[in-house]
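Work through the exercises below with the sequence and the model at hand. Each task is followed by a solution in steps.

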Amino acid sequence: MISEIVIQVNDLEQCRYFYRELLALGEPVIDSSVTAVFKLSQETQLVLKKSSARYLEHASSAVSWTLYTGSFDKLCEELEKHDCLSGEEFRHFGARARYVPDPEGNVIILAEAKV
């Protein structure tokens, strides 16, 4: 099954930088002035889509997504330097996890991948 996570953002440049550099997703596989697509796995991609809609309210959204990483401690350390972590470490389905709001308040659960 192929899937996408689509996040509408107002400031695509700032969000592209955050996901590419701070979350270490690397260069987008599609990159334009309105869309940035990051390949998360063979079957999953993250799509940042520029939107100027005034109704977007990220911080109170009921949706979040989980990014499992084998570099949990390293990513948390880098995100901490940029004041990008929220709350204390917790357990998410048995894995160590932290909340990470993106620059527009979209919530990501960063979790340690079980290797």
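**Exercise 1. Aromatic pairs**

How many aromatic pairs does a search of the whole structure find?

Solution. The model is a predicted one. Searching the whole structure gives three aromatic pairs. In one of them, Phe-18 and Tyr-19 meet edge-to-face, with 5.2 Å from centre to centre and 85 degrees between the planes. The pair of Phe-90 and Tyr-99 is stacked, because the ring centres are 4.5 Å apart and the planes stand at 25 degrees; the cut-off for stacked is under 30 degrees. Ring pairs also join Phe-18, Tyr-19 and Phe-38 into a cluster.

Next, compare burial. Phe-18 and Tyr-19 are both buried. Tyr-99 has a relative accessibility of 37% and therefore counts as partly exposed.

**Exercise 2. The sheet with strand 1**

Find the order of the strands in the open sheet that contains strand 1, and state which strands stand at the edges.

Solution. The order is 1-4-3-2, and the pairing of these four strands is mixed. Strand 1 and strand 2 (30-31) are at the edges; each has a single partner strand, so one side of each has no neighbour in the sheet. Strand 1 pairs with strand 4 in the parallel sense, over seven bridges. Within this pairing, Ile-5 is opposite Leu-46 of strand 4. Helix 1 packs on the sheet and touches strand 1, strand 2, strand 3 and strand 4. The direction of helix 1 makes about 10 degrees with that of strand 3.

Now take a residue of strand 4, Gln-45. Is Gln-45 buried or exposed? Its relative accessible area is 19%, so Gln-45 is buried; the cut-off is under 20%. Not counting residues up to four places away in sequence, Gln-45 touches Ser-3, Glu-4, Ile-5, Val-37, Phe-38, Lys-39 and Leu-40.

**Exercise 3. Helix 1 and the core**

List the buried residues of helix 1 (residues 12-22), then state what helix 1 gives to the largest nonpolar core.

Solution. Begin at the start of the helix, where a side-chain oxygen of Asp-11 comes to within 3.3 Å of the backbone nitrogen of Glu-13. The buried residues of helix 1 are Leu-12, Cys-15, Arg-16, Phe-18, Tyr-19, Arg-20 and Leu-22. After the helix comes Ala-24, with a positive phi near 60 degrees.

Turn to the core. The largest nonpolar core holds 23 residues, and those with the most contacts inside it are Phe-18, Tyr-19, Leu-48, Leu-79, Ile-108 and Leu-110. Two or more residues each come from strand 1 (3-9), helix 1, strand 3 (35-39), strand 4 (44-50), strand 5, helix 2 and strand 8. Helix 1 gives the most, with five residues.

**Exercise 4. The sheet with strand 5**

Give the order of the open sheet that contains strand 5, and describe how helix 2 lies on it.

Solution. The four strands follow the order 5-8-7-6, with mixed pairing. Strand 5 (64-69) and strand 6 (86-92) have a single partner strand each, so they are at the edges with one side lacking a neighbour in the sheet. On average, neighbouring strands here are turned by 30 degrees against each other, direction ignored. Strand 7 (residues 95-101) and strand 8 (residues 107-112) pair in the antiparallel sense, over five bridges. Arg-98 is opposite Leu-110 in strand 8. Helix 2 (residues 72-81) lies across strand 5, strand 6, strand 7 and strand 8, at about 25 degrees to strand 7.

**Exercise 5. Three loop residues**

Decide for Asp-102, Asp-83 and Phe-93 whether each is buried or exposed.

Solution. Asp-102 sits in the loop between strand 7 and strand 8. Its relative accessibility is 4%, so Asp-102 counts as buried. Leaving aside neighbours within four places in sequence, Asp-102 is in contact with Cys-15, Phe-18, Tyr-19 and Ile-108.

Asp-83 belongs to the loop between helix 2 and strand 6. At 67% relative accessibility, Asp-83 counts as exposed. Its phi is positive, about 55 degrees, although Asp-83 is not a glycine.

Phe-93 lies in the loop between strand 6 and strand 7. With a relative accessible area of 71%, Phe-93 is exposed. Phe-93 has a positive phi of about 50 degrees, and it is not a glycine.

Conventions. Residues are numbered from 1 along each chain as its sequence is written. This is a predicted model: local features need pLDDT of at least 70, side-chain atom pairs count only at pLDDT 80 or more; totals for chains, interfaces and linings use all residues. Side-chain values use heavy atoms; hydrogens and water are left out. Two strands pair if DSSP finds at least two bridges between them. Axes are lines fitted to C-alpha atoms, for helices over the stretch in contact, and angles run from 0 to 180 degrees between N-to-C directions. Contact means heavy atoms within 4.5 Å. Rings of Phe, Tyr and Trp (its six-membered ring) pair if their centres lie within 6.5 Å; planes under 30 degrees apart count as stacked, over 60 as edge-to-face and the rest as tilted. Buried means under 20% relative accessible area, exposed over 50%, partly exposed in between (1.4 Å probe, protein chains only). A polar contact is a pair of N or O atoms within 3.5 Å; within protein, one must be able to donate a hydrogen and the other to accept it, and residues adjacent in sequence count only if both atoms are side-chain atoms. A nonpolar core is a set of buried Ala, Val, Leu, Ile, Met, Phe, Trp, Tyr and Cys residues joined through side-chain atoms within 4.5 Å.
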